[in-house]
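Hi,

Here is the model I promised to pass on. Have a look at it first, and my notes follow below.

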Amino acid sequence: MTGIAVRPAAPDRARIGHWLQRYGVYAGVGLLLVVNTALTPHFLSVENFRTQAVQVAPVLIVALGMALAIGTEGVDLSVGAVMALSASVTALYLGYGLPGALLVVALFAAAVGLANGALVALVGVQPIVATLALMVGGRGLAQVLLPQLEDIRNPAMASLGSGDLLGVPYLILIAAGLVLLVAFAVRRTTFGRQLLAIGDNRTAAQLAGLPVKRVLMVVYVCSALLAAVAGVLATARLQASDPTSLGNLMELSAITAVVVGGTPLSGGQVRIAGTVAGAVLIQLLTATLIKHDLPPSWTQMAQAAVIVLAVYAARGRGRR
Amino acid sequence: MTTIHGTSKGAPPPAPEELLGDAPGGAAAEARAPGTGRGERLSALAQQHGALAVLVVLTAAASLGFDSFATGDNFSNMAVSSAFLAIVALGMTFVIITGGIDLSVGSLFALGGVLAAWGSRYGTVVALLLPLAVCGTIGLVNGLLIARARLAPFIVTLAAMLAARGLLLTLTDEGAETYLVAEGSFLAELGQGSTLGVAHPVWITVALFAAGAVVLRRTRFGQRVYAIGGNEDAAALMGAPVARTKITVYAVSGLLAGLAGALNAAWLASGVTILGAGMELEAIAAVVIGGTLLTGGLGFVSGSLVGVLLLKVIQNVINQIGSLDSAYQQVVSGAFLAVVVVAQTWLGRRRRVL
């Protein structure tokens with residue numbers, strides 16, 4: 001991120017924009033909390049918060065991987081397809097026990113991530129097209145493996161989807177654990193530094209001798225693995241494997257969460273806390289509109305407005 | 001088919017490379033292109049006509065392999081079902097040549113169809129003008145946000161995609177209502193009728209592509225589209241009206257998506273609300289397969305037509321095999337897209353900077 005983009009002519013406007021980009025999402029979440037506390041009956045209940053958190057968990061997990069990809073000035077459109085693929089594979093291999101099925105899921109996801117990473121890092125294809133190919137192909141493969149919806153009756157999966165530890169659902173624990181893990185990786189590890197350097201200026205990173213190709217491969221593999229975790233958790237919660245519609249438009253929800261959270265599309269920065277808040281903001285917005293009997297179409301239009309506002313606040317900061 | 005190719009000859013005036021060292025593809029590459037060796041020419045040829053070669057080979061093979069492939073009925077079915085995607089891909093080609101992207105076209109396609117079907121009760125003029133006006137306006141707003149407010153095309157058109165889908169659901173009582181196109185109306189004739197044995201949507205598509213090729217290759221506007229995609233800053237320094245050109249391109253993309261949706265609704269005799277999901281990606285795939293670079297500055301409309309036909313022939317061949325589930329079509333399309341972009345990137349390697 002360079003300071004050149006900030007024009008000296010309008011320092012106040014730039015400062016407001018900067019503040020909005022950084023903290024706007026938290027202000028938005030706070031505003032929705034206040035509005036809901038005042039207007040929505042039964043909003044301030046543990047039960048409601050648990051429901052909202054469980055619903056947001058899969059989007060959040062996918063958004064973590066997306067934040068990494070966007071941090072390298074890339075994007076991963078294949079995450080929804082990977083969710084569908086992991087649902088099919090889980091249904092097919094659950095006969096060998098949950099650990100065995102999870103292993104196969106991880107292998108499939110890693111293969112998709114490696115393919116994405118190889119196209120982006122080794123061949124030099126733009127991330128949008130590379131992951132678009134895997135998105136189309138991955139969804140097709142998921143449906144080839146498992147042509148229609150299949151109920152899953154497995155006690156281990158059932159407990160994964162609806163069980164809890166000391167009253168906190170496993171879904172929330174897993175999502176929280178992954179948030180901490182990814183935040184640690186971005187902030188405190190060499191990998192995180194290298195990732196941000198590549199996103200900031202790939203040529204400079206290359207000239208500085210950073211392992212650009214390896215880091216990019218790892219980023220896309222991580223994104224696919226996180227999407228697979230989200231796919232398995234969503235399947236466990238549904239108690240059914242649904243390769244046709246699971247994860248549809250998930251890539252867009254995840255990108256929205258990341259962008260609304262203040263991560264610029266131009267790379268070089270990753271805001272994990274912002275991404276969490278972004279996912280929560282979209283979830284709260286949807287829940288608020290539904291609770292007040294507004295039609296789902298309003299949710300989409302409201303989401304569109306939030307996205308435009310978020311990028312408008314961040315404008316002039318990135319190169320694109 | 002019009003084969004006016006927009007890459008090597010009438011390229012925009014070469015951008016002064018020293019102004020900005022990292023011109024991706026496009027104008028700067030064109031400046032180096034003349035006088036280079038045979039390998040360069042061969043790779044450029046493969047990049048431009050590779051999809052056409054694959055299309056010819058695949059069509060020939062399918063004609064030999066399946067009795068029911070090379071029939072008039074099958075060809076005219078394929079032509080009509082390609083027409084709507086092709087019109088969307090035409091607008092997308094212009095957008096991608098400027099270095100942008102338009103994710104809203106799938107939603108605008110569905111919205112255009114619903115508006116046309118709803119408007120058909122008030123006569124043909126309303127049925128045709130309403131989708132064009134609404135979708136064109138949404139495209140215009142996209143363009144304004146991208147060119148004037150300088151927001152990323154990817155994210156602006158993503159928001160427009162959500163907003164247009166929301167608008168469509170509001171109009172149709174959350175998707176519960178389907179409006180029908182009145183039988184025997186001019187709109188229905190436009191969608192379902194044929195002249196000289198060729199369906200009207202196909203005629204319209206051919207006319208639009210001919211016009212698109214001429215605009216891109218022979219007008220000042222087309223030259224600016226290439227110049228902006230090649231190097232936007234250089235284009236601005238040369239005095240090209242960058243913002244106006246980009247706004248026009250996005251408005252036209254929205255307009256064409258709305259038109260395609262209206263024609264599709266006329267063809268189906270109803271405005272189906274669930275159409276168009278994923279169409280933006282299909283259109284992008286067709287444009288990229290047709291040899292247009294996503295980095296901008298390089299591309300041509302006839303390639304996009306070939307890309308659309310290729311996707312539809314693949315789909316048709318998989319249907320012909322019959323025993324294969326339709327999901328295989330997605331696997332093949334995805335794999336094909338991957339192969340195409342790998343080949344393109346390798347062929348164009350010398351044109352790229354890093």
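Before the details, one cut-off: a residue counts as buried if 20 or more other C-beta atoms lie within 10 Å of its own, exposed if 12 or fewer, and partly exposed in between. By that rule α5(A) is mostly covered, with 16 of its 19 residues buried. Bear in mind that this is a predicted model, so everything here is computed from it.

**Confidence**

For the complex, the predictor gives an ipTM of 0.76 and a pTM of 0.81. Chain B has an average pLDDT of 79, and 84% of its residues score at least 70. Where in chain B is confidence lowest, and where is it highest? The low end is helix α1 (residues 26-32) of chain B, with a mean of 42, and the high end is helix α11 (residues 242-268) of chain B, at 91. Please treat the start of that chain with care: over residues 1-35 of chain B pLDDT stays under 50. The model has 78 contacts beyond four places in sequence for that stretch.

**Where the chains meet**

On the interface, 38 residues of chain A are in contact with 41 residues of chain B. Four elements of chain A give two or more residues to the side that touches chain B: α4 (98-123), α5 (127-145), α11 (250-260) and α13 (296-313). Which of them gives the most? That is α5(A), with 13 residues. By class, this side of chain A has 26 nonpolar, nine polar and three charged residues.

The length of α5(A) checks out too. At 1.5 Å a residue, its 19 residues should span 27 Å, and the end C-alpha atoms are 26 Å apart, which agrees.

**Transmembrane annotation**

UniProt, in an unreviewed entry, places "transmembrane region" features in chain A at residues 23-43, 49-70, 128-146, 166-186, 215-234 and 296-314. I looked at two of those. Residues 49-70 of chain A are 100% helix and 0% strand, and their end C-alpha atoms lie 29 Å apart. Residues 128-146 of chain A come to 95% helix and 0% strand, with 27 Å between the end C-alpha atoms.

For chain B, the UniProt record (again an unreviewed entry) has the feature at residues 50-69, 75-96, 125-145, 152-171, 198-216, 247-277, 283-311 and 331-348. Again I picked two. Residues 75-96 of chain B are 100% helix and 0% strand, with end C-alpha atoms 29 Å apart. Residues 125-145 of chain B are also 100% helix and 0% strand, and there the ends lie 30 Å apart.

**The core**

The largest nonpolar core has 214 residues, and those with the most contacts inside it are Val62(A), Ala63(A), Ile307(A) and Val88(B). Helix α10 (residues 212-238) of chain A gives the most to this core, with 18 residues. What does Val62(A) touch, leaving aside its neighbours within four places in sequence? Its contacts are Val79(A), Leu226(A), Ala227(A), Ala230(A), Met250(A) and Ala254(A).

**Chain B up close**

The secondary structure of chain B comes to 14 helices and two strands, and 56% of its 354 residues count as buried. Among its contacts between residues at least 6 apart in sequence, 78% join residues at least 24 apart.

One residue to click on is Asn142(B), in helix α5 (residues 124-147) of chain B. Is Asn142(B) buried or exposed? It is buried, because 30 other C-beta atoms lie within 10 Å. Beyond its neighbours within four places in sequence, Asn142(B) is in contact with Ser104(B), Val156(B), Thr157(B), Ala160(B), Tyr250(B) and Gly254(B).

**Two leucines to check**

Most residues other than glycine have a negative phi. Leu166(A) has a positive one, near 55°. Leu166(A) sits in the loop between β2 (164-165) and β3 (168-169) of chain A, and it counts as exposed because it has 5 C-beta neighbours inside 10 Å.

Leu249(A) also has a positive phi, of about 65°, and lies in the loop between β4 (240-241) and α11 of chain A. With 15 C-beta neighbours inside 10 Å, Leu249(A) counts as partly exposed.

Cheers

Technical notes:
Residues are numbered from 1 along each chain as its sequence is written. Chains are lettered from A and ligands numbered from 1 in the order in which they are written. This is a predicted model: local features need pLDDT of at least 70, side-chain atom pairs count only at pLDDT 80 or more; totals for chains, interfaces and linings use all residues. UniProt positions are given in the numbering used here, feature names are shortened, and annotations may be inferred rather than shown by experiment. A nonpolar core is a set of buried Ala, Val, Leu, Ile, Met, Phe, Trp, Tyr and Cys residues joined through C-beta atoms within 7 Å. Two residues are in contact if their C-beta atoms, placed from the backbone, lie within 7 Å. Ala, Val, Leu, Ile, Met, Phe, Trp, Tyr, Cys and Pro count as nonpolar, Asp, Glu, Lys and Arg as charged, and the others, Gly among them, as polar. The expected span of a helix is 1.5 Å times one less than its number of residues. pLDDT is the predictor's confidence in each residue, from 0 to 100.
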